[in-house]
Amino acid sequence: HILIGTPGLVAGLVRGKDLAFDGLSQLVLDECGKCLDHLGMRNLIQLIFNETPKKKQVMMFSATMSADTRSLCKKFMQDPHEIRVDEESKLTLHGLLQYYKKLTEKE
């Protein structure tokens, strides 16, 4: 199973026991840069790691991340790889088409 979300959302699921994490193999946390800069949010991320299986692939994403925060992220991962975009012009994806489908509650 794969779990994708912001640290606050995932921590809420952990606290509320709303999901079973025993089959979790991949954890994707978005907006980690700013979250790890704040002690309260850092505690949420530690809660997530303590309540999810030890053996999992971890991916942490952020548009902005200080050197200290990158160092802290690496403590949550094994053999981490870092991908950085140094020029804003490289962020534009020409020709990219995005689609979505609205789902009903039953879907």
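Here are some short exercises with worked solutions on this predicted model.

**Exercise 1. Get your bearings**

Find out how many helices and strands the protein chain has, and in what order they run.

*Solution.* Start with the count: the protein chain holds 4 helices and 3 strands. Now walk along from the N terminus, and you meet them as β-α-β-α-α-β-α. For the overall dimensions, picture a box of roughly 40 × 40 × 25 Å along the principal axes, filled by the C-alpha atoms. Of the 107 residues in the chain, 25% are buried.

**Exercise 2. Put the strands together**

Work out which strands pair with β2, and in what sense.

*Solution.* Take β1 (residues 2–5) to begin with. Strands β1 and β2 run parallel and are joined by 4 bridges. Next, look at the other pairing: β2 (residues 26–29) and β3 also make 4 bridges, again in the parallel sense. So much for the strands; now zoom in on single residues. L3 has L27 in β2 as its bridge partner, and L27 in turn stands opposite V58 in β3.

**Exercise 3. Sort the faces**

For strands β1 and β3, decide which residues sit on the covered or buried face and which sit on the other.

*Solution.* In β1, L3 and G5 form the covered face, while I2 and I4 make up the uncovered one. Move on to β3 (residues 57–60), where the side chains alternate. V58 and M60 point to one face and are buried. Q57 and M59 point to the other face and are not buried.

**Exercise 4. Explore the surroundings of P7**

Say whether P7 is buried or exposed, and list what it touches beyond its sequence neighbours.

*Solution.* First, place the residue: P7 belongs to helix α1 (residues 7–15). Then check its relative accessible area, which is 0%. The cut-off for buried is under 20%, so P7 with its 0% is buried. Leaving out residues up to four places away in sequence, P7 touches L29, D30, C32, C35, M41, I45 and I48. You can also compare sequence and space for a pair: P7 and V28 are 21 residues apart in sequence, and their C-alpha atoms are 9.2 Å apart.

**Exercise 5. Check C32 and C73 for a disulfide**

Explain why C32 and C73 are not bonded to each other.

*Solution.* Recall what you're looking for: a disulfide is a covalent bond between the sulfur atoms of two cysteines. Now take the sulfur of C32: the closest cysteine sulfur belongs to C73 and is 5.5 Å away. A disulfide needs the two sulfurs within 2.5 Å, so at 5.5 Å this pair is too far apart for a bond. Going the other way round, the closest cysteine sulfur to that of C73 is the one in C32. A search of the whole structure agrees with the result, as it finds 0 disulfides. Both cysteines are buried, C32 at 0% relative accessibility and C73 at 2%.

**Exercise 6. Follow T69**

Find the helix that holds T69, and name the residues it touches.

*Solution.* T69 lies in helix α4 (residues 67–74). With 3% relative accessibility, T69 counts as buried. Skipping residues up to four places away in sequence, T69 touches C32, G33, L36 and D37. C32 is also on the contact list of P7.

**Exercise 7. Count the charges**

State how many positive and negative side chains there are, and how far apart the centres of the two sets lie.

*Solution.* The protein chain has 15 positive side chains and 14 negative ones. The centres of these two sets are 4 Å apart.

Technical notes. Residues numbered from 1 in each chain as written. Predicted model: local features only at pLDDT ≥ 70, side-chain atom pairs only at ≥ 80, totals over all residues. Heavy atoms only, no water. Helix = DSSP H or I, 4+ residues; strand = E, 2+ residues; numbered from the N terminus. Buried < 20%, exposed > 50% of the residue type's maximum accessible area, 1.4 Å probe, protein only. Lys, Arg positive; Asp, Glu negative; His and termini not counted. Charge placed at Lys NZ, Arg CZ, Asp CG, Glu CD. Pairing = 2+ DSSP bridges. Contact = heavy atoms within 4.5 Å.
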